[in-house]
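Welcome, and please take a moment to look over the sequence and the model. We will go through them together, one region at a time.

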Amino acid sequence: MKEKLILGVDVGGTGMKAGVVDVVSGALQTERKRILTPQPPTPKNIAKGLKQLVEIHNWHGPIGCGFPAIVKDGVAYTATNIDKSWIGVNIEELFSEATGCPVKVTNDADAAGYAIMLYGVGQQLKGVNIVLTLGTGIGSGLFINQTLIPNSELGHLFFKGDIAEHYCSNAVRKKEKLSWKEWGGRLNEFLHHIDRIFSPNNIILGGGVSKKFDKYEAYLNPRAKVFPTPLRNAAGTIGAAYYASLF
Ligand code: BGC
């Protein structure tokens, strides 16, 4: 899509956010508006939520959307923190119909990764770089230099008898009322596991809890350099818009 302004949307397990993005500079042009993810998070309900966000922004142009599932050619292949009925749905068709706007959809963590790696300081990062989004689940964006290997799903690596996101997502920290030290310790174990598999140069943390990095930074010591995203929680929205600009 050749437009300079694209509405970026981030669909999460808990909230849905949208803001207008200048895809040349990567800057948000409006405030990001947030609504709670409609429950149950079925295709019909989330499409309604998207329509609401589009109306709030009075938007009629192209839309890029980050979605919390494996997404290939606009189709959802998994559904972990959303309704199971998403599997097999062509999200792009559904959302384009619901909004009357052209919509492109990618995995939410891949979207966050695009924003981090292609705008600002991320443009300088070389080698293997991994973006981890710590939220309801754990999403990942795996990059070689600035090239994405899509749908890496590292939060679903088998780890400690279950999948990793059931051990150290931010939702688990809240649910199990873990201290920063306890949760930081768990996250550190997972980062070491990723270190062993990929030997990344950098691991960049995203999601709301990346803003509180100073609270758990002291407990993280993998070989890779670890730091929080400079884009704070806006990376998913910005990167979703960037993704749509590729078409
Ligand atoms: C999903 C991923 C998603 C991540 C973050 C995981 O449960 O499998 O596709 O990127 O949550 O939302």
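Let us begin with Arg-34, which touches Thr-14, Gly-15, Met-16 and Lys-17, leaving aside residues up to four places away in sequence. Keep in mind as you look that this is a predicted model. Arg-34 belongs to strand β4, which covers residues 33-36. If you look from there for Pro-230, you will find a residue 196 places away along the chain, with 20 Å between the C-alpha atoms of Arg-34 and Pro-230.

Next, turn to helix α7, made of residues 235-245. How many of the residues of this helix are buried? The count is 10 of the 11, so helix α7 is largely enclosed by the rest of the structure. The buried residues are Ala-235, Gly-236, Thr-237, Ile-238, Gly-239, Ala-240, Ala-241, Tyr-242, Tyr-243 and Ala-244. And what covers them? The cover includes the strands β1 (5-11), β2 (15-22), β3 (27-28), β5 (63-67) and β8 (103-107), together with helix α3 (108-118).

Helix α5 is a good place to see two neighbours in one element with contrasting surroundings. It runs over residues 170-175 and holds Lys-174; Asn-170 lies in helix α5 as well. Asn-170 counts as buried because its relative accessibility is 8%, and buried means under 20%. Its contacts, again without residues up to four places away in sequence, are Leu-134, Gly-135, Trp-183 and Val-209. Lys-174, on the other hand, is exposed, with a relative accessible area of 56%. Lys-174 also takes part in a positive surface patch, which it forms with Lys-211, Lys-212, Lys-215 and Arg-232.

Now for charges that meet their opposites. Searching the whole structure gives six salt bridges, and we can visit some of them. One joins the side chains of Lys-51 and Glu-55, at 3.3 Å from N to O. Both residues sit in helix α1 (residues 43-56), four residues apart, which is about one turn of the helix. Lys-51 is partly exposed, at 39% relative accessible area, while Glu-55 is exposed, at 51%.

Another salt bridge pairs Glu-189 with Lys-160, and here the closest N and O atoms are 2.5 Å apart. This pair links distant parts of the chain, 29 residues apart: Glu-189 is in helix α6 (residues 180-198), and Lys-160 is in the loop between β12 (158-159) and β13 (162-163). Both ends are partly exposed: Glu-189 has a relative accessibility of 30%, and Lys-160 has a relative accessible area of 48%.

Helix α6 also takes part in a salt bridge through Arg-186, whose side chain meets that of Glu-176 at 3.0 Å, N to O. Which parts of the chain does this pair link? Arg-186 lies in helix α6 and Glu-176 in the loop between α5 and α6, with the two residues 10 apart. Is Arg-186 buried or exposed? It counts as buried, because its relative accessibility of 18% falls under the 20% limit. Glu-176, its partner, is partly exposed, with a relative accessible area of 40%.

Technical notes: Residues are numbered from 1 along each chain as its sequence is written. This is a predicted model: local features need pLDDT of at least 70, side-chain atom pairs count only at pLDDT 80 or more; totals for chains, interfaces and linings use all residues. Side-chain values use heavy atoms; hydrogens and water are left out. Patches are made of residues with over 30% relative accessible area and no salt bridge: like charges are joined within 9 Å, nonpolar side chains (Val, Leu, Ile, Met, Phe, Trp, Tyr) within 5 Å. Accessible areas come from the Shrake-Rupley method with a 1.4 Å probe; for residues, only the protein chains shown count as cover. A salt bridge is a side-chain nitrogen of Lys or Arg within 4 Å of a carboxyl oxygen of Asp or Glu. Lys and Arg count as positive and Asp and Glu as negative; His and the chain ends are not counted. The place of a charge is taken as NZ of Lys, CZ of Arg, CG of Asp or CD of Glu. Buried means under 20% relative accessible area, exposed over 50%, partly exposed in between (1.4 Å probe, protein chains only). Contact means heavy atoms within 4.5 Å.
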